[in-house]
Amino acid sequence: MSAKILSGTETAKEIRAELKAAVEKMHTEHGVVPGLVTILVGEDPASQSYVSGKQKAAKELGFYSVQENLSADTCEKDLLDMVERYNRDERIHGILVQLPLPKHISESRVIMAIDPDKDVDGFHPVSVGRLLLGEEGFAPCTPSGIIELLKRSGANTSGAEAVVIGRSNIVGKPISMMLARKAEGGNATVTMCHTGTKDIAAHARRADILVVAAGRPGTVTADMVKPGAVVIDVGVNRIGIKPDGKAILAGDVDFDTVKEIASAITPVPGGVGPMTITMLMKNTFKSAQMKLEKEGHTNK
Ligand code: NAP
């Protein structure tokens, strides 16, 4: 039997429609719109395209949005000063500095400079700590998108064996933490695999939920998947160029064969990818909501 295809494109559309209504309600009731600034340093085409996707989504949702384009030779101090300005800007609820940054700028110093209450990317150590401790804050967008996809597809994570392949700070570690936490969309027993894992296939074959974020096409093949498993493919690999110049993308999972074994699977493209930007919007909305609550406004 062929697996159910978990469309991130469709789920993201659903969430954006809900968010749009919530933004209008916030504006009507409190006169506030969520504000997002995206800061791009340099002219890397992939980064430019990610940032323009984020700006487009913010505008469509009715956010107040600002795009800052800095030249590649911007010094670290100027970038830090800009972040500080937006930390103090009342109209801005979310600050996103597009990574990677040019080599002469310390990413960690820049991330540390962002007010954790505006850290909608969820990369600040305070955000990481809050996630670990189960406190209110911002979880990184890609893992949040995965949890949302799982929840909305009706996949049961509670009591499930979850296996994550990859241990990066932006995907593998946070998704492992989120799947394990005592919460809706979590409560799974999690194994985190990496290049030091002895027998990845043996671990993968035990998984009811298999999340693959290795960044290598063909990491998971059909013989590594338990019949009926839910497979989330985070990988985005450029495996060629189409005649129109666009990249041909593939995930980390051998989609055509695995879909015959899994009960549900995300495609690449159109799976986890579209969820990531949507969760950035959700975090920005949440930031505006948290600020209103702090100021004593209750949400109706
Ligand atoms: P990363 O920083 O390169 O980390 C990859 C992780 O996978 C590492 O922990 C590595 O182990 C592990 N790994 C690599 N090959 C492996 C193998 N053969 N067996 C077991 N473990 C292996 O990558 P990332 O930033 O997490 O991203 C992973 C993939 O997701 C990439 O394709 C990226 O483009 C994609 N991605 C997509 C989105 C989205 O929105 N759709 C967002 C972020 C990332 P070691 O730690 O031992 O090296």
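Here are some friendly notes on this predicted model, point by point.

1. Overall build. The chain carries 10 helices and 11 strands. Its radius of gyration is 20 Å, close to the 19 Å that the globule rule gives for 300 residues, so the chain is as compact as a globular protein of that length. If you are setting up a box of your own, the C-alpha atoms fill one of roughly 55 × 45 × 35 Å along the principal axes.

2. The second largest pocket. This pocket has a volume of about 580 Å³, and 26 residues line it. Lying nearest its centre are Gly137, Ala139, Met178, Arg181 and Lys286, which makes a handy set of residues to display when you open the model.

3. Who builds that pocket? Four helices give two or more residues each to the lining: H5 (125–133), H6 (141–153), H7 (172–180) and H10 (272–294). Which of the elements gives the most to the lining? That is H10, with 6 residues.

4. Character of the pocket lining. Sorted by class, the lining of the second largest pocket has 10 nonpolar and 10 charged residues, together with 6 polar ones. Among the residues nearest the centre, Arg181 and Lys286 count as charged, while Ala139 and Met178 count as nonpolar.

5. The H6 and H7 packing. Helices H6 and H7 both give residues to the lining of the second largest pocket, and they also meet one another. Their axes come within 9 Å and cross at roughly 40°, in a right-handed crossing. On the H6 side the contact uses Pro143, Ser144, Ile146, Ile147 and Leu150; on the H7 side it uses Pro174, Ile175, Met178 and Leu179. By class, these contact residues are 8 nonpolar and 1 polar, with no charged residue. Do look at Met178: this H7 residue takes part in the contact with H6 and is also one of those nearest the centre of the second largest pocket.

6. The cavity. How many cavities of 30 Å³ or more does the structure hold? There is 1. The largest cavity has a volume of about 40 Å³. Its lining consists of Ile95, Leu96, Val97, Leu99, Ile111, Ile114, Asp119, Asp121 and Phe123. Strand E4 (residues 94–97) gives the most to this lining, with 3 residues. By class, the lining has 7 nonpolar residues, no polar ones and 2 charged ones; the charged residues here are Asp119 and Asp121.

7. Two cis peptide bonds. The bond from Leu99 to Pro100 is cis, with omega near 0°. Pro100 sits in the loop between E4 and helix H4 (107–113), and its partner Leu99 is one of the residues lining the largest cavity. A cis bond also joins Val268 and Pro269, where omega is about 0°. Pro269 is in the loop between strand E11 (264–265) and H10, the helix that gives the most to the lining of the second largest pocket. Please keep both of these bonds in mind when you read the backbone.

8. A backbone angle to look at. Asn187 is not a glycine, yet has a positive phi of about 65°. You will find Asn187 in the loop between H7 and strand E6 (189–193).

Note on methods. Residues numbered from 1 in each chain as written. Predicted model: local features only at pLDDT ≥ 70, side-chain atom pairs only at ≥ 80, totals over all residues. Heavy atoms only, no water. 1 Å grid on protein atoms, 1.4 Å probe; cavity = no way out; pocket = protein on both sides within 12 Å on 5 of 7 lines; lining within 4 Å. Points joined across faces, edges and corners; volume = space filled by probe spheres on them. Axes fitted to C-alpha atoms, helices over the stretch in contact; angles between N-to-C directions. Left-handed = near helix turned anticlockwise from the far one by under 90°. Contact = heavy atoms within 4.5 Å. Rg over C-alpha atoms; globule rule 2.2 N^0.38 Å.
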